[in-house]
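Trainee: Could you take me closely through a single part of this chain, and then show me how that part sits within the rest of the model? I would like one connected account that I can follow with the structure open beside me.

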Amino acid sequence: MFNMENGDPRFLKRRVKGCSLDVHPIEKALVVQYEVEATILGEMGEPMMGERKECQKIIRLKSLNANTDTSSLARKVVEECRLIHPSKLHEVEQLLFYLQNRKQPNDNQEKKCISPRDFASYTGVELDEEASISNIDEYVELLYEDIQEKIRGATLILQLARNQDNLKELVRNEAAFCALARVLREEYRQSVDLATTIISVFFCFSSFLQFHGMVTQHKMGALCMSIIEHELKRFDLWQEELQKKKKAYEEFSENLNLKKEHEKSFRKYQSLLSKQEQLLGVAMSLLLNLAEDTRTELKMRNKNIVHMLVKILDREDEELLLVAVSFLKKLSIFLENKNDMAEAGAVEKLARLVPCEHQELLSTTLRLLLNLSFDSSLRSQMVHAGLVPRLSSLLADEGQRQLSMCILYHISMEDRSKPMFADTDCIPQLMEMLYDCGEEKMAAELISLCINLAANQNNAEVICQGNGLRMLMKRALKLKDVLVMKMIRNLSQHNGPTKSLFLDHVGDLAAQISEEEAEEFVIECLGTLANLTIPDLDWALVLKEYSLVPYLKDKLKPASTEDDLILEVVIMLGTVSMDDSCAAMLAKSGIIPALIDLLNAQQEDDEFVCQIVYVFYQMVLNEATRDVIIKDTQVPAYLIDLMHDNNVAIRKVCDSTLDIISECDEEWGKKIQTEKFRWYNCQWLEMVENRQLDGAEPFLYDEDAESFLGNGDILERPDLFYTADGITSADGAVSPDFYANYQDEDLGQTGYMSRSTSYATAFEAFGDGNGATIGTKAS
């Protein structure tokens, strides 16, 4: 109640005066300017207090167009708007006619509004009044009233902030922003509309780097993080409550009250959810703008921003998802954030968005997945989430094709993931794209993906279906396309039906092996031919018809060309040497000495050594070239030197080759056996010497007891060796001939070996204090 000198007020009198009409400067709307006079009357009806306020109302005419009947529309406006007196009907009609014929303003003349990085922005609560920069102090005063007035004041300030021309003027009003920040901090739990409107005001400023200092000064980043965390917890509670009511309704489906209560709760949930998603969207947009500073971004990560964003990926609102995915894409370039996304299961949640109708959301999701696909563990998650067929379906979309192809390329790098492509429509689409390229240069990601897929046998069979291989060969040979030839080379490595298809193209490939062609292209052609281990292929005829032997021999000279080409020549020789007639042809041409020279020059390169030794192995297998290798060259001596190489593959090929030589030549067999014997025993002697240098060994039984060897060295005890009739020399040394000459004889009463016991096996009966074997069985 008001206490005044003239008595208490009885009632309020309100009167509208001075109504004037005008058109809106940029919109199809009428602006009604009027003055409201409010008077408080006393007990006797006398005026006690009065106040006047200028107001305006905007009447938007969305249906107004070139065909509108302005007379009828004018009558309708006057009837529905009580502020306009019927006497102004003609004036209203004139204004509508003006709006109907007014030219649309140019883009440069339109009001410049700020949108959240192209996301749908929050426009605030609908108001009938339009904000004016001159009334900013009045709007700030509204922030000290009740909730509804605070919302109204914040909405009017938001209208001003959305016009970037007002930002410099607004930023000078420190009181306004202090009031906004205080109200948000205190009231965000009470009103979602109020929180959304205030954050939107600060968001408008966060869109410009020069205002970031002002935004961070008011702690808006930390406040938005707290609001997002709070809203996510509220969402979980809503979900839990809704599930309880749904469960109760399902258990008692006949209870109509439970059904109505569930439907009512669901409608309320949808209404709350819609407002909450607006709030989350604008809060995340503001944080995304502030994250331009990596130090601010690090603070957000420390407050678990990644897990919050991943949790939001479960929502259905596409605009909200767009903000969340965009934020995650920005964060994903840092290793720590990528690991957080992997921990939170982001890939599985992103997979459901591929594909989707919202093109911008789909594109942003694919870019995020591309960033994550550089991690091998996340690539595996993409396969398990079923992204291979989903991404394959996007290859038909030109807008998303490149991103999809890049992700598929990364997935195809994993051998365990390659078979997944054979069961999708990915390969047929890729082959169609290759065909459509014609003679134009194809995209790098397209041919790279095809090269990877061709390395799998199931994929290779799909690629070669129909005229697939023929089309690839035609393009590769016509355009001298190295990458397509590399794909063909991968196809040729698989056994089965695909390899036999190459019989029709052997001549075309062999014709490319010449000095005139580019080395890179020749390398791929040689590699393809080297893979064709087909029994029906007459290699001798191919070598003669295309005069390949002189070319191959010339390229074997060290430093004659690039090492890659020389290596492919050696591999090619290993393949053609499987043919007896080819092996003989190569032996007569003097290629074997050239290979030995190359072996000496490339002895540090394991790949070269292994492939050259394999050529020797193939030649030793063939009777036509075996004698040449054994008797006319020093290949066995080189193989003996290499049989203890550190590389397992080289040792394996050497052992197999030497075993064949030992069976075919007795003299070399003894040398090989002696070398093996010497090698194994030298290893043991070296071990004993190292132990002597390291210090005395502990006794066999206890520290003070004397071992069965006494104090002497076992090597100085020849009496422990077998001395049957002078077999062992006086110094105790045993000749390797002992095993060869006596392995099938009985040594008599003084010996310990029978027919079934070898000399080296007997050595194993002796051991040092640690149980180490003195001798090792020689093969």
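Mentor: Let us begin with helix H20, which covers residues 426-437; this helix has 12 residues, and from its first C-alpha to its last it reaches 17 Å, close to the 16 Å expected at 1.5 Å a residue. Please keep in mind throughout that what you are looking at is a predicted model.

Which residues of H20 are buried? They are Cys426, Ile427, Gln429, Leu430, Met431, Met433, Leu434 and Cys437. If you then look for what these buried residues pack against, you will find helix H18 (387-393) and helix H19 (401-412), together with helix H21 (444-453), helix H22 (457-463), helix H23 (468-479) and helix H24 (482-492). Just after H20 comes Gly438, a residue whose phi is positive, near 60 degrees.

From H20 we can step into the nonpolar interior. The largest nonpolar core holds 194 residues, and the members that touch the most other members are Phe205, Leu434, Leu472, Met487 and Phe616. The helix that gives the most to this core is H7 (residues 192-206), with 10 residues. There is also a second, separate core of 20 residues, and among its members are Val23, Leu30, Leu73 and Ala74.

Met487 leads back to our helix, for when its neighbours within four places in sequence are left aside, Met487 is in contact with Met431 and Leu434, and also with Ile447, Cys450, Ile451, Ala454, Ile463 and Leu472. Two of these names, Met431 and Leu434, you have already met in the list of buried residues of H20.

Close attention should also go to a loop in this part of the chain, the one between H22 and H23, where Cys464 is found. Cys464 counts as buried because its relative accessibility is 7%, and buried means under 20%. Apart from neighbours within four places in sequence, Cys464 is in contact with Leu469, Leu491, Thr498 and Leu501. Its C-alpha atom is separated by 9.9 Å from that of Ile488, although the two residues are 24 residues apart along the chain.

Now turn to H7, the helix that gives the most residues to the largest core. Val192 lies in this helix, and at 17% relative accessibility Val192 counts as buried. Val192 touches Arg234, Lys275, Gln276 and Leu279, not counting residues up to four places away in sequence. Of these, take Lys275: it is 83 residues from Val192 along the chain, yet their C-alpha atoms are separated by 6.8 Å.

In the loop between helix H6 (174-187) and H7 you will find Ser191, which is buried, with a relative accessible area of 9%. The side chain of Ser191 reaches the backbone nitrogen of Leu194 at 3.1 Å. With neighbours within four places in sequence set aside, Ser191 is in contact with Ile147 and Ile151.

A useful companion to H20 is helix H12 (residues 305-312), which is mostly covered, since six of its eight residues are buried. Those buried residues are Ile305, Val306, Met308, Leu309, Val310 and Ile312. What covers them includes helix H9 (220-251), helix H10 (256-290), helix H11 (294-302), helix H13 (318-331), helix H14 (335-344) and helix H15 (346-351).

A buried residue may also carry a charged name, as you can see at Lys555 in helix H29 (residues 548-555), which counts as buried at 7% relative accessibility. Beyond its neighbours within four places in sequence, Lys555 is in contact with Glu515, Ser560, Thr561, Leu565, Ile566 and Val569.

Finally, step back to the whole chain, in which there are 39 helices and three strands. Buried residues make up 46% of its 779 residues, and of the contacts with a separation of 6 or more, 67% are between residues 24 or more positions apart. The chain exposes about 41,700 Å², of which carbon and sulfur atoms supply 47%.

As for confidence, the chain averages a pLDDT of 82, and 82% of the residues score at least 70. Over residues 1-7, however, the pLDDT is below 50, and this stretch has seven contacts in the model beyond near neighbours in sequence. Over residues 696-779 the pLDDT also stays under 50, and there the model has 89 contacts beyond four places in sequence.

Key:
Residues are numbered from 1 along each chain as its sequence is written. This is a predicted model: local features need pLDDT of at least 70, side-chain atom pairs count only at pLDDT 80 or more; totals for chains, interfaces and linings use all residues. Side-chain values use heavy atoms; hydrogens and water are left out. A nonpolar core is a set of buried Ala, Val, Leu, Ile, Met, Phe, Trp, Tyr and Cys residues joined through side-chain atoms within 4.5 Å. Buried means under 20% relative accessible area, exposed over 50%, partly exposed in between (1.4 Å probe, protein chains only). Helices (H or I, at least four residues) and strands (E, at least two) are DSSP runs, numbered from the N terminus. Contact means heavy atoms within 4.5 Å. The expected span of a helix is 1.5 Å times one less than its number of residues. pLDDT is the predictor's confidence in each residue, from 0 to 100. A polar contact is a pair of N or O atoms within 3.5 Å; within protein, one must be able to donate a hydrogen and the other to accept it, and residues adjacent in sequence count only if both atoms are side-chain atoms. Accessible areas come from the Shrake-Rupley method with a 1.4 Å probe; for residues, only the protein chains shown count as cover.
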